[in-house]
Amino acid sequence: MTLSRNEIRNRALAFSREWADESSESAEAKTFWDGFFTIFGMKRRRMASFEYPVKKSDGAQGFIDLLWKGVLLVEHKSRGKNLDRADRQARDYFPGLKDRDLPRYVLVSDFEKFKLYDLDAEVAHEFDLVDLHKNIGLFGFISGYESQSLKPEDPVNIDAAVRMGKLHDQLKSIGYVGHSLELYLVRLLFLLFSEDTGIFEKRQFQDYIEQRTGEDGSDLAHHLATLFHVLNTPVEERLKNLDEQLFAFPYVNGKLFKETLPPASFDTAMRETLLEACGLNWSQISPAVFGSLFQSIMDSVARRSLGAHYTTEKNILKLIKPLFLDRLYEELGKIRKQPKKLVEFHLKLAGLKFFDPACGCGNFLVIAYRELRKLEIEVLRLLYDPEKGGQLDISTMILLDVDQFYGIEIEEFPAQIAQVALWLTDHQMNMKISVEFGQYFCRLPLRKSAAIIHGNSLSLDWMEICGKADYILGNPPFLGKKEQSATQKKELVSALSNHKNASSLDYVSAWYSKAAAYMVNFPDAQTAFVSTNSITQGEQAGILWPFLLNKGVRINFAHRTFEWTSEARGKAAVHCVIIGFGLVDSEEKIIFEYHSIKEDPFAIQVSKINPYLVEADDLVLQARRDCLDPKAPDMRFGSMPNDKGHLHLTPEERANLLRCEPGAEPWLKRIMGSKEYINSIERWCLWLVDIKSPQLRLLAQVKARVQKVKEIRLDSSREETRRLADTPYAFGEIRQPTSTYIAVPKTSSENRAFIPIGFLEADDIANTELFTVAEASLYNFGILTSTMHMAWMRTVCGRLKSDYRYSAGIVYNNYPWPSPSEKQISEIELAAQDVLDARSMVAGASLADLYDPLSMPVPLVKAHQKLDRAVDSAYGKRGLKSEAERVSFLFDLHKTLLANIPVKVRKKIR
């Protein structure tokens with residue numbers, strides 16, 4: 001494996017000349033294939049077997065000419081024989097092989113010709129013996145110069161995670177748990193990768209298990225313990241009479257195998273699970289699988305408490321590209337033909353430091369390192385000619401290493417995985433550069449390692465961990481305020497210096513604050529975090545961002561809301577943003593916008609980015625008690641029952657009540673919240689605001705319900721609720737309009753383009769899940785149900801899970817209304833009426849039916865388009881192309897309107 005590519009090519013030429021005239025299969029085939037492996041510096045007998053016995057598909061006994069389990073099957077014929085027939089004969093052996101032993105490659109030959117089938121890629125390559133040296137690259141799986149194309153979405157990633165998760169569960173079930181189990185699994189991961197990526201010989205680990213351990217697994221733990229010891233022992237210090245198969249394993253170092261673990265115990269099923277894992281081609285597995293692996297073996301309770309959501313490589317690249325990678329490639333593009341500057345640039349890359357303060361299994365660090373190594377290869381291509389690889393020492397050319405990477409992880413197991421993941425990524429990239437320059441390079445024994453600290457990121461001093469980092473990155477835990485433990489809540493408040501209302505923030509806010517404080521010492525550092533989008537919306541935006549802005553934080557790039565995707569089993573659906581920020585304003589700022597949260601983003605160059613991730617000044621909305629526009633009607637909450645359901649009735653309960661007490665009918669009203677209003681769900685309440693005592697005494701069942709309300713209120717620990725027991729017949733808080741009003745659902749699905757807003761009558765009682773706008777006009781309705789208002793709402797409202805959570809104080813009262821002419825008001829009113837008319841055209845349809853994103857009626861769609869044109873015209877804006885453009889305009893208008901509001905001077909109260 002240490003042969004250069006030029007040496008392999010020369011050996012192939014010599015082999016072709018030596019065997020140019022051979023024709024007898026029976027006489028010289030074995031010698032031929034022994035010589036073939038020698039081309040690559042390999043000993044055939046250590047890798048493959050001749051005449052391997054196997055049952056054929058028809059049940060007859062057969063013998064494979066040469067089998068390298070899991071890699072290569074060779075069928076050899078005499079000169080001039082049909083190679084296609086030889087291929088069919090070779091595949092006839094497959095049913096008799098175990099799944100893990102099935103080869104990826106089938107090679108048939110008649111001395112004169114070769115035909116190589118790659119069964120994974122489903123391609124075949126045919127060439128003559130004389131051209132073997134020209135096709136030597138096809139045999140990278142033997143030479144070690146195999147260029148792997150890693151596909152994050154490849155099912156083998158999930159398969160690997162599931163198989164290792166199965167082994168984890170089996171070991172845990174026998175009582176092998178805790179630190180020992182975690183480190184044991186990490187070591188096995190390293191071994192599995194090593195034999196498929198060139199650190200070990202092909203199948204070296206798998207063959208040792210299959211050949212040296214019993215099928216019942218009883219001696220497997222002993223052999224693994226011995227192997228761990230050998231891997232931690234330098235070759236020169238090993239016992240002189242050590243088993244040859246063990247001695248062949250290289251010295252690893254890196255302290256991975258240093259600790260002596262208590263012996264595990266295996267049985268037949270557990271041994272088979274490990275061998276099944278060996279049967280995968282781990283060289284094809286993406287580094288992102290480490291995060292998926294970890295999540296796949298965590299139970300759901302642990303996953304929720306840790307806020308663990310693991311991302312795909314695609315989403316990691318969304319962060320690292322604008323944070324540093326794009327700029328580095330841009331810089332390289334300017335100096336491609338300047339060798340001196342290329343050398344300086346290469347040294348710059350080797351000096352960069354990266355820090356993930358909540359690194360989990362190291363996915364962000366792994367992908368960042370891999371992409372930097374790709375960039376380094378590009379630099380080396382420009383500095384050196386790969387065709388002259390034999391004259392170069394690539395061990396001195398490679399400057400980047402894993403010790404440029406730092407991380408903190410609160411759990412030990414993922415911290416260990418992160419360390420190993422970076423080593424394995426380093427080796428994958430060493431193999432890539434080996435292929436590029438035709439010179440094998442492997443960094444063994446391991447001399448450097450990433451600094452992955454097992455500890456609590458919020459209680460550790462980041463400067464002590466990594467000194468000066470150039471880039472801080474990652475995806476800190478996703479925990480809302482209700483999901484945090486008491487300890488986590490305390491950590492959050494402390495990280496924000498006991499800032500007012502800090503306890504209402506998502507847990508990730510603590511990392512934003514710590515990063516801002518860190519960058520005060522290193523102003524050139526840049527940070528980017530993946531976060532739940534709630535920190536840029538509603539109440540949280542008004543708490544967190546003034547605090548960060550006062551510390552000098554400036555947003556330099558951002559991905560607006562997109563759907564978080566994961567490769568993990570039981571993956572969670574989360575709506576996220578990515579925010580890149582620093583204390584130094586970038587001259588070029590980028591907003592990545594999404595037409596749909598499931599689609600790919602498109603970049604928009606902007607001059608500024610505010611905390612709502614739109615191009616506008618750093619304005620953060622605070623909840624207002626009154627409307628920004630004094631002409632706008634007030635919005636109020638609906639009425640609060642405070643009755644524990646005793647004043648509420650289902651349609652069946654209403655019917656039963658009226659059968660017994662028909663006199664109760666005048667006091668029964670429809671009651672609605674968001675759910676009832678949008679879905680046309682029938683629900684009733686006793687609305688007894690004006691009832692007189694004699695009337696109530698005549699209604700025994702109604703009176704019994706009122707009595708229940710009185711008892712519940714008296715039993716409350718709140719004094720205010722106990723006072724309400726004096727009027728048990730009435731809702732606790734009454735805010736019902738006395739005439740027709742606009743109803744705005746407090747909660748609505750994020751899948752809809754519009755919140756279903758409409759008119760209700762005074763007898764339709766609104767509860768606290770509906771906002772009401774009394775004495776409102778068609779013009780008011782038209783503005784509120786327009787795309788302009790919806791864009792504002794989506795940007796600044798809070799969220800309940802992913803649903804819109806409308807707010808009177810932040811969304812409505814801060815909304816900048818237009819200043820239309822009488823003609824424009826009339827146009828809006830006409831268009832608004834068209835919307836109402838289009839709704840009424842579909843008899844019996846609920847608002848949920850009408851605003852279904854997949855089946856919205858065409859007349860309603862056209863009515864909304866007409867309304868949007870009228871509203872946009874009232875704002876003096878036409879042809880707005882994106883939601884971000886609308887919101888940016890509205891923020892600028894908000895700023896103007898806010899500046900024109902006179903400051904109210906409150907008189908001091910004596």
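Strands β5 and β6, the latter covering residues 123-128, pair in the antiparallel sense over 6 bridges. This is a predicted model, so please hear everything that follows as computed from it. Within that pairing, F114 has F127 in β6 as its bridge partner. The hairpin of β5 and β6 has 4 residues between the strands, and E122 in it takes a positive phi near 55°.

On its other pairing, β5 meets strand β4, residues 105-109, again in the antiparallel sense, over 5 bridges. Here V106 is matched with Y117 in β5. The hairpin of β4 and β5 has 3 residues between the strands, and F111 is the residue there with a positive phi, near 75°. How enclosed is β5 by the rest of the structure? Of the 6 residues in this strand, residues 113-118, 5 are buried, so β5 is largely enclosed by the rest of the structure.

Next, the open sheet. It has 9 strands with mixed pairing, in the order β9-β8-β7-β10-β11-β13-β12-β14-β15. Its edge strands are β9, at 451-454, and β15, at 602-606, and each of these pairs on one side only. On average, neighbouring strands of the sheet are turned by 20° against each other, direction ignored. As a reminder, strands of a sheet pair through backbone hydrogen bonds, either parallel or antiparallel.

One pairing in this sheet is that of β11, residues 526-532, with β13, residues 574-582: they run antiparallel and are joined by 7 bridges. Across that pairing, F529 stands opposite I579 in β13. A helix also belongs in this picture. Helix α15, residues 363-383, lies across β7, β8, β9, β10 and β11, and it runs at about 170° to β8.

Now the aromatic side chains. The count of aromatic pairs comes to 54. One of them is F15 with F32, a tilted pair, 5.0 Å centre to centre with 55° between the planes. What does this pair tie together? F15 is in helix α1, residues 5-18, and F32 is in helix α2, residues 25-38, so the pair links parts that are 17 residues apart in sequence. Both F15 and F32 are buried.

W33 and F36 make an edge-to-face pair, with 5.1 Å centre to centre and 70° between the planes. These two are 3 residues apart in helix α2, so about one helical turn separates them. Are they buried or exposed? The cut-off for buried is under 20% relative accessible area. W33 is at 2% relative accessibility and therefore counts as buried, and F36, at 1%, counts as buried because of that value.

One further ring to look at is W684. R654 lies over its face, at 3.9 Å from the ring centre.

I will end with two single residues. H168 is found in helix α5, residues 155-173. With a relative accessible area of 9%, H168 is buried. Its side chain is joined to that of D169 by a polar contact of 2.9 Å.

The second is A632, placed in the loop between β15 and β16. A632 is buried, with a relative accessible area of 9%. Which residues does A632 contact, leaving aside its neighbours within four places in sequence? They are C627, Y812 and W817. As for K489, which is 143 residues from A632 along the chain, the C-alpha atoms of the two are separated by 39 Å.

Definitions and conventions. Residues numbered from 1 in each chain as written. Predicted model: local features only at pLDDT ≥ 70, side-chain atom pairs only at ≥ 80, totals over all residues. Heavy atoms only, no water. Pairing = 2+ DSSP bridges. Axes fitted to C-alpha atoms, helices over the stretch in contact; angles between N-to-C directions. Contact = heavy atoms within 4.5 Å. Phe/Tyr/Trp six-rings, centres within 6.5 Å; stacked < 30°, edge-to-face > 60°. Buried < 20%, exposed > 50% of the residue type's maximum accessible area, 1.4 Å probe, protein only. Lys NZ or Arg CZ within 6 Å of the ring centre and 35° of its normal. Polar contact = N/O pair within 3.5 Å; in protein donor to acceptor, adjacent residues only side chain to side chain.
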